[in-house]
Amino acid sequence: MSLLPARVCAVLGPTNTGKTHYAIERMLAHRTGVIGLPLRLLAREVYDRIVAIRGPSVVALVTGEERIVPSRVQYWVCTVEAMPQGLGCDFVAIDEVQLCADLERGYVFTDRVLHMRGQAETLFLGSDTIRGAISQLIPKVEHIRRERFSELSYTGPKKISRIAARSAIVGFSVDNVYAIAELLRRQKGGAAVVMGALSPRTRNAQVELYQNGDVDYLVATDAIGMGLNLDIKHVAFSSLAKFDGRKMRNLMPNELAQIAGRAGRHLNSGTFGVTGEAQSLEPEVVTAIEEHRFTPLKKLQWRNSALEFGSLAGLLESLSANTDDRILTRTRQAEDHRTLQALAANPEIEARVRDGQSVRLLWDVCQLPDFRQVSFSEHVSIVTRLFEFLHQDGVIAEGWLADRVARIDKSHGDIDALSKRLAYVRTWTYVAQRKGWVANESYWREETRAVEDRLSDALHAALTQRFVDRRTSVLMRRLKQKESLVAEVNDKGEVIVEGEFVGKLSGFRFQLDKNASEQEAKTLRTAAVQALLPEFKLRSDRFYNAPDTEFGFTEQGGLMWGEHAVGKLVAGADALSPMVEPFVDEEAGADVVEKVRRRLTHFINRKIEAAFEPLIALSKDDAVTGLAKGLAFRLVESLGVIPRSVVAEDVKALDQDSRGLLRKHGVRFGQYTLFQQLMLKPAPTRLRLVLWSLQEGLDEFPEAPPPGLVTIPAVVDAPKGYYPRAGYRLAGERAIRIDMLERLADLIRAHDVRGGFEAVADMLSITGMTLDQFADLMGGLGYHAERGERDKVKTVTPDATPAEEPKEVDAAEGTDEQAAEKVEEKPEEKTAATDAKSDSEEEKPDAAAPEDPEIEVFYVFKWIPRKRPDQQGRSHAKAQKGRGKGKKPPQAPRKHTKAPPKKDKPIDPDNPFAALMALKEKG
């Protein structure tokens with residue numbers, strides 16, 4: 001027995017009496033102090049509270065696996081086993097002293113009660129059941145009785161599905177805890193999990209889930225009974241028995257009260273009951289718990305602390321010593337005692353332990369807790385290896401330790417795998433905290449702590465993922481409480497409601513998370529729409545005030561705001577007056593829908609006005625009247641491009657004044673097409689195809705050709721009318737741009753289209769084609785192409801003189817009517833013959849040896865008028881008569897003979913050159 005210090009006080013009472021809070025206040029009233037707590041989890045909680053008051057520079061935390069000791073430490077927060085001896089602090093407190101009767105750890109608490117004293121004050125905190133035992137051990141001890149702040153009442157059995165929110169359900173095995181948590185996830189949105197085996201970091205993260213309201217249920221072991229202060233209204237026992245390390249036994253009433261007392265904190269009353277397979281509590285047990293009356297403790301666990309280190313046999317004998325104190329009973333063999341006996345039976349160990357220093361070292365190593373709980377032999381094997389390192393080398397080999405730590409530094413796997421690794425790393429964390437066991441103490445303390453933190457975070461994530469449908473739980477709670485939900489939409493369009501991802505907002509349409517289950521979908525959508533109402537209004541304001549540069553349209557008629565589809569075009573009264581169908585969720589409200597519709601209508605109207613400005617100006621010109629007005633109407637109706645064959649009669653009937661009015665608006669009377677030149681630019685062409693497709697009711701809109709191309713390949717399954725709206729005319733296997741076709745027609749006009757002509761360089765240059773491709777194009781335009789071969793002439797061809805500037809000619813009126821505008825002329829190019837001649841001159845052979853003639857391919861093109869129905873029979877007979885009279889293609893140099901005079905024939909209305917040829921034949 002130790003001498004009575006200045007003041008020794010036992011502060012006893014039930015749970016929720018503020019005993020721990022009182023002890024912290026008393027310790028901080030002294031200059032120095034140390035407090036011992038039953039759990040590492042509780043030690044960390046108290047450490048954090050004191051640090052918040054006094055700062056980290058004066059507060060130490062010492063447990064078996066964690067050691068934070070600043071240089072100017074004044075206050076020590078420890079587990080009872082780790083309380084340092086001989087500090088001489090002014091204040092000492094030991095919490096939960098009723099654990100002196102615990103069969104596993106009781107002897108440690110008893111030893112601290114007997115031998116640890118503060119220089120000025122000592123406090124023992126615990127249950128009333130230990131009052132008599134403490135009075136016998138310390139006769140002059142002062143007693144302070146503290147009453148519970150709130151009432152605790154029994155509510156009987158309830159199904160888990162009927163247990164109210166803010167409840168804790170207690171199980172006494174890992175499997176039982178996991179099964180309950182899984183059930184709560186399905187029925188209530190999830191639960192937090194708290195077990196003694198969790199690291200403080202994992203436990204705190206799980207408790208935070210419960211405390212901040214992410215989940216309304218807590219599933220725990222009896223670890224919550226040791227001073228963990230949680231906001232719990234009800235405690236339900238799923239079982240009334242537990243395995244105490246050796247056998248299954250029923251919990252005593254005082255043990256049930258310790259756990260049930262977690263319900264109702266401070267002034268809030270709490271309730272307790274049973275659930276699952278647990279039987280209803282007996283009336284006398286209920287009364288004892290509600291009135292806090294329990295059988296006093298009669299025996300406290302004890303083990304001799306005056307150990308003999310002179311020899312191994314002496315140490316074993318001192319550990320088995322008995323006590324003559326009637327209230328103390330020698331504890332059963334503890335784990336460290338059993339481990340020492342196992343190592344003492346090893347001849348190699350016995351041979352090493354020959355002096356007191358070796359005996360003390362062996363005892364220190366044997367006190368390593370069996371965190372792994374794999375098997376006793378496995379634990380003995382690790383302790384043996386550690387002792388061999390320390391006895392032989394003085395420290396544990398770094399390579400060996402690094403290998404063990406690296407094996408478990410893996411953050412993947414399921415809950416069981418992570419829990420095992422976390423238990424394993426506690427062994428190496430304990431080793432690193434022991435002074436002198438490793439060479440680089442600070443490194444290994446930080447490294448093992450970092451591994452534990454990583455595993456703790458991974459385990460918390462795994463527990464949360466398995467047992468918490470956090471998203472649904474949070475949103476259901478907010479909806480139930482009718483609180484306004486806060487939505488955030490990030491730059492990726494992701495919708496975050498109350499910190500949870502629920503889907504994406506694309507424009508004004510909400511897209512639910514694809515991974516959401518059917519059970520989640522309704523809750524998520526309801527929460528998202530409610531939370532997004534303010535966002536819809538703010539977004540519609542931004543949308544309405546956005547400049548036109550932020551909007552666009554697709555070739556399928558979609559309307560875009562940046563990368564978001566916000567509507568589509570639908571057919572209106574005419575091609576230039578399309579309507580808008582906005583893409584807005586119905587829940588956004590009619591005001592938002594109408595605002596989006598108006599803004600998109602403004603955008604597309606301005607787009608049409610800009611792209612078709614010349615066309616719109618033509619339609620509004622009051623000076624254009626009569627036949628010109630009708631032709632203008634048809635041109636506007638065709639969006640600025642119309643084949644000449646469609647309006648041939650109207651064009652023929654126009655007088656020169658009417659033509660002049662139309663030309664002032666940029667209308668070109670081409671031989672194949674009537675068009676406005678500006679309407680062939682890429683922007684009007686792209687929009688024209690969209691508007692035309694709308695009016696035609698096409699399911700899939702054809703795309704606009706790439707800008708800048710003179711010819712394009714024929715489009716497979718192109719809808720009727722596509723090519724003129726695209727600004728092209730189909731001719732053979734390719735289509736040629738309308739304006740370039742008219743330039744080609746100007747060049748052809750200078751040749752004898754009936755007698756036949758060859759393509760010149762300018763023709764190929766305009767089209768950008770090879771000769772064979774050009775032949776196919778001419779065939780598509782109604783010309784017959786005769787292919788021939790000849791010797792290439794190697795005579796110098798004088799430079800071509802500039803051709804007379806081609807003029808637009810109205811084919812229907814003949815040469816008497818010349819166009820008012822000039823056709824842009826290409827730069828002159830040398831003929832192929834000139835190039836060949838130049839090359840031959842540069843490469844003259846030394847000897848005048850004869851050369852093989854070079855062969856060139858050429859085509860002769862002739863206009864083939866389309867036959868009228870009454871002429872088809874005669875044409876067929878002539879073809880049969882002339883069959884077999886093959887003609888050889890003309891050879892160079894080639895002479896053209898003028899056709900003999902013929903009688904006047906009716907002008908072919910389908911031939912754009914008919915009038916010109918008729919005049920040539922006359923003279």
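## Close-up views of a predicted model

**Figure 1. Surroundings of K504 in strand 21.** K504 belongs to strand 21, which covers residues 500–506. The model shown here and in the following views is predicted. With a relative accessible area of 38%, K504 is classed as partly exposed, because this class lies between the limits of 20% for buried and 50% for exposed residues. Leaving aside residues up to four places away in sequence, K504 makes contact with K492, G493, E494 and V495, and also with R509, F510 and Q511. The C-alpha atom of K504 is separated by 9.8 Å from that of A528, a residue 24 residues apart from K504 along the chain.

**Figure 2. Surroundings of T339 in helix 10.** T339 is part of helix 10, formed by residues 335–344. The relative accessibility of T339 is 0%, and T339 therefore counts as buried, the limit for this class being under 20%. When residues up to four places away in sequence are not counted, T339 touches C366, F376, H379 and V383.

**Figure 3. The largest cavity and its lining.** Two cavities of 30 Å³ or more are present in the structure. The largest cavity holds about 50 Å³ of space. Its lining includes the residues L368, P369, D370, F371 and R372. The lining of the largest cavity also includes E378, H379, I382 and T427. Helix 13 (residues 376–393) supplies the largest share of this lining, with three residues. By residue class, the lining of the largest cavity comprises four nonpolar, two polar and three charged residues. H379, one of the lining residues, is also among the residues touched by T339.

**Figure 4. The open sheet of strands 23 to 26 with helix 19.** Four strands make up an open sheet with antiparallel pairing, in the order 23-24-25-26. Strand 23 (551–553) and strand 26 (579–582) each have a single partner strand, so these two edge strands are each left with one side that has no neighbour in the sheet. On average, neighbouring strands of this sheet are turned by 30° against each other, direction ignored. Strand 24 (residues 558–561) and strand 25 (residues 564–570) run antiparallel and are joined by four bridges. G558 has K568 of strand 25 as its bridge partner. Helix 19, comprising residues 590–611, packs on the sheet and touches strand 23, strand 24, strand 25 and strand 26. The direction of helix 19 makes about 140° with that of strand 26.

**Figure 5. The open six-stranded sheet with helix 7.** This open sheet consists of six strands in the order 9-16-13-10-12-11, and its pairing is parallel. Strand 9 (152–157) and strand 11 (192–194) are the edge strands, each of which pairs on one side only. Neighbouring strands of the sheet are turned by 25° against each other on average, direction ignored. Within the sheet, strand 13 (residues 234–237) pairs with strand 16 (residues 270–274) in the parallel sense over four bridges. The bridge partner of F237 in strand 16 is V274. Helix 7, formed by residues 253–260, packs on this sheet, where helix 7 touches strand 9, strand 10 (167–170), strand 13 and strand 16. Between the direction of helix 7 and that of strand 13 the angle is about 140°.

Definitions and conventions. Residues are numbered from 1 along each chain as its sequence is written. This is a predicted model: local features need pLDDT of at least 70, side-chain atom pairs count only at pLDDT 80 or more; totals for chains, interfaces and linings use all residues. Side-chain values use heavy atoms; hydrogens and water are left out. Two strands pair if DSSP finds at least two bridges between them. Axes are lines fitted to C-alpha atoms, for helices over the stretch in contact, and angles run from 0 to 180 degrees between N-to-C directions. Contact means heavy atoms within 4.5 Å. Buried means under 20% relative accessible area, exposed over 50%, partly exposed in between (1.4 Å probe, protein chains only). On a 1 Å grid over the protein atoms alone, a cavity is a set of points where a 1.4 Å probe fits but cannot get out, and a pocket is an open set with protein on both sides within 12 Å along at least five of seven lines; lining residues have an atom within 4 Å of a point. Grid points are joined across faces, edges and corners, and a volume is the space filled by probe spheres set on the points. Ala, Val, Leu, Ile, Met, Phe, Trp, Tyr, Cys and Pro count as nonpolar, Asp, Glu, Lys and Arg as charged, and the others, Gly among them, as polar.
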